[in-house]
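Here are my notes after a pass through the model, in numbered points. Have the coordinates open while you read.

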Amino acid sequence: GTPESQSTEKVTLTIDGRAVTVPAGTSVMRAASESGGHIPKLCATDNVKAFGSCRLCLVEIEGARGTPASCTTPVADGMVVKTQTPRLEKLRRGVMELYISDHPLDCLTCSANNDCELQDEAAAVGLRDVRYGYEGANHLDTVDDTSNPYFAFQPDKCIVCSRCVRACGEVQGTFALTVDGRGFASVISAGQDEDNFLSSECVSCGACVQACPTSALMEKSVTEIGKPERSVVTTCAYCGVGCTF
Ligand code: FES
């Protein structure tokens, strides 16, 4: 869910009625998963700093206002957290409904089918219907960026969680990617003159592809010949990404 805290100080809190002891500085999301729970999420991962943008991981905390994001909320001693309530379930379904209203419904032919976090979380929150329809959505007239020799960027599949942007900067230290625009018009941009991956600072390390929760960033080998049946992860001295073959 979120990076591990290195603190030696311990904090005990209650999550869904269970007492949990974790290092200070741990996020509520990570504490929940260490106690065996699962909080739906899209923008948080174990190796980049929590960003709090997808709003799927909302929780209720006794004494706190509203429903804070569990990925960006650190634990505190004596905190009492609820991760599953009718109110939270309704909020999460509403958030997911907005994501799906702006996403192609081609799961069966998508290269990420059965390996897609958006698909998994839509099922996890019990999404059955999208009240807003799908017409007029951002995804209808986008152009794929196939300039990089190893992977392609399909903006229509992108949910702008910025995991790729943060992986590029925090894991690889390249900072080739950014989010352009605001709100519904936000897009991931590789910057530079031609606004494509090849003309950017991208070093083709693949950190962004590994971070992507959908098929927005996908190896060309997978889109062209399908997913490999087995894989090996290696980490070399050149960078910290950990390549998957
Ligand atoms: Fe917490 Fe996205 S996972 S806001």
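1. Start with the sheet, bearing in mind that this is a predicted model. Four strands make up an open sheet, ordered E2-E1-E4-E3, with mixed pairing. The edges belong to strand E2 (18-23) and strand E3 (60-61); each has a single partner strand, so one side of each is left without a neighbour in the sheet.

2. Inside that sheet, look at strand E1 (residues 10-15) and strand E4 (residues 80-82). They run parallel and are joined by two bridges. If you want a residue to click on, take Thr 14, whose bridge partner in E4 is Val 80.

3. Next, the salt bridges. As a reminder, side chains of opposite charge can pair when their charged atoms come close. Searching the whole structure turns up seven salt bridges. One of them is between the side chains of Arg 87 and Glu 60, at 3.6 Å from N to O. Arg 87 sits in helix H2 (residues 86-101) and Glu 60 in strand E3, so this pair ties together parts that are 27 residues apart in sequence. Arg 87 counts as partly exposed because its relative accessibility is 45%, while Glu 60, at a relative accessible area of 17%, is buried.

4. Helix H2 also contributes Glu 97, which links distant parts of the chain by pairing with Arg 131, in the loop between H3 and E5, 34 residues apart. The N to O distance in this salt bridge is 2.8 Å. How do the two ends compare in accessibility, buried or exposed? Arg 131 counts as exposed at 60% relative accessibility, and Glu 97 counts as buried at 5%.

5. A further salt bridge joins Asp 106 and Lys 157, with the closest N and O atoms 3.5 Å apart. Asp 106 is in the loop between H2 and H3, and Lys 157 is in the loop between E5 and H4, so the pair ties together parts that are 51 residues apart in sequence. Here the lysine end is buried, with Lys 157 at 5% relative accessibility, whereas Asp 106 is partly exposed at 29%.

6. There is a network as well: salt bridges that share partners join Glu 4, Arg 30, Glu 34 and Asp 46. Arg 30 belongs to helix H1 (residues 28-34) and counts as buried, because its relative accessibility is 14%. Leaving out residues up to four places away in sequence, Arg 30 touches Thr 2, Pro 3, Glu 4 and Asp 46. For a distance check, the C-alpha atoms of Arg 30 and Thr 45 are 10.0 Å apart, with their positions 15 residues apart along the chain.

7. Now for an acid that has no such partner. Which residue in helix H3 (residues 117-124) should you look at? Glu 121 is the one I mean. This glutamate is buried yet has no salt bridge, and the nearest side chain of opposite charge, Lys 41, is 5.7 Å away. A salt bridge needs the side-chain nitrogen to be within 4 Å of a carboxyl oxygen, so that pair does not qualify. What does lie 3.1 Å from a polar atom of the Glu 121 side chain? The backbone nitrogen of Lys 41 does. Setting aside residues up to four places away in sequence, Glu 121 touches His 38, Pro 40, Lys 41, Leu 42, Leu 56 and Met 96.

8. Two backbone angles deserve a look. Val 160, in the loop between strand E5 (151-153) and helix H4 (163-171), has a phi near 50°, a positive value in a residue other than glycine. Phe 175 likewise has a positive phi, near 55°, and is not a glycine; its place is in the loop between H4 and strand E6 (178-180). Val 160 is partly exposed, with a relative accessible area of 24%, and Phe 175 counts as exposed at 63% relative accessibility.

9. Finally, a serine in the loop between E5 and H4: Ser 162. Is it buried or exposed? Ser 162 is buried, with a relative accessible area of 3%. Apart from neighbours within four places in sequence, Ser 162 is in contact with Phe 51, Val 179 and Ile 188.

Methods: Residues numbered from 1 in each chain as written. Predicted model: local features only at pLDDT ≥ 70, side-chain atom pairs only at ≥ 80, totals over all residues. Heavy atoms only, no water. Pairing = 2+ DSSP bridges. Buried < 20%, exposed > 50% of the residue type's maximum accessible area, 1.4 Å probe, protein only. Lys, Arg positive; Asp, Glu negative; His and termini not counted. Polar contact = N/O pair within 3.5 Å; in protein donor to acceptor, adjacent residues only side chain to side chain. Contact = heavy atoms within 4.5 Å.
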